[in-house]
Amino acid sequence: MLEKLWQESGPFDGVLGFSMGGTIASLIAGSANRTYNVRQNVEDNKGVSATSDERSDSNFSCCSFPGLQFVICAGAVDIHPQLESSIVELNLPFLYPFKIPTHVTSLHIAGTADTSVPIASSIALSQRYTDARFIEHEQGHHIPMKALVVGGIVAFVAEQQNRLYSSST
């Protein structure tokens with residue numbers, strides 16, 4: 001469903017996710033710009049599934065989330081080891097072990113008083129990125145509307161805009 005939205009309305013430069021949405025944003029980042037073969041299940045109309053190098057008339061190549069350059073994850077839990085081990089088994093379009101492409105930058109926001117997602121898990125997720133920023137706040141499982149957090153988000157988005165759209169002359 002997200003890939004379909006991306007194809008129909010995108011591409012997008014970045015995504016923002018809160019809680020499990022932040023984890024999903026990282027999964028999207030992990031498959032950004034990866035090309036993989038899919039097989040259309042024509043007989044029972046159940047959609048597509050990732051395949052190996054099978055070749056037939058119903059196979060086509062697909063690129064996941066082309067153009068993704070940054071993610072913002074707030075209160076997000078790290079990728080669960082069971083999901084990570086399922087990547088190969090399910091033939092998902094991710095690297096194994098799960099790795100975020102180096103061109104995708106990230107901002108992570110987490111609270112030390114978060115009882116839903118331990119801050120250590122958010123830190124572990126941020127460490128999967130080559131270029132990650134981290135904003136720690138003293139509150140719980142939400143995005144505080146304090147100058148430190150809001151200013152950090154605005155500065156990060158402005159930095160990404162400059163990085164992606166500044167003309168080099």
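**Close-up 1. Span of helix α2 in the predicted model.** Helix α2 covers residues 20-31 and has twelve residues. At 1.5 Å a residue, a span of 16 Å is expected, and the C-alpha atoms at the two ends lie 17 Å apart, so the two values agree.

**Close-up 2. Burial along helix α2.** Nine of the twelve residues of α2 are buried, and the helix is thus mostly covered. The buried positions are G22, T23, A25, S26, L27, I28, A29, G30 and S31.

**Close-up 3. The aromatic pair of W6 and F12.** The structure holds three aromatic pairs. In one of them, W6 and F12 meet edge-to-face, with 5.1 Å from centre to centre and 80° between the planes. W6 is buried, because its relative accessible area of 7% falls under the 20% limit. F12, at 31% relative accessible area, is partly exposed.

**Close-up 4. The aromatic pair of W6 and F65.** The ring centres of W6 and F65 are 5.2 Å apart and their planes stand at 90°; this pair is therefore edge-to-face, as the angle is over 60 degrees. The pair joins distant parts of the chain, 59 residues apart. W6 belongs to helix α1 (residues 2-9), whereas F65 sits in the loop between β4 (59-64) and β5 (70-74). Both W6 and F65 are buried.

**Close-up 5. The ring cluster of W6, F12 and F65.** Ring pairs connect these three residues, W6, F12 and F65, into a cluster. Within the cluster, W6 and F65 are buried, while F12 is partly exposed.

Technical notes: Residues numbered from 1 in each chain as written. Predicted model: local features only at pLDDT ≥ 70, side-chain atom pairs only at ≥ 80, totals over all residues. Heavy atoms only, no water. Phe/Tyr/Trp six-rings, centres within 6.5 Å; stacked < 30°, edge-to-face > 60°. Buried < 20%, exposed > 50% of the residue type's maximum accessible area, 1.4 Å probe, protein only. Helix = DSSP H or I, 4+ residues; strand = E, 2+ residues; numbered from the N terminus. Expected span 1.5 Å × (residues − 1).
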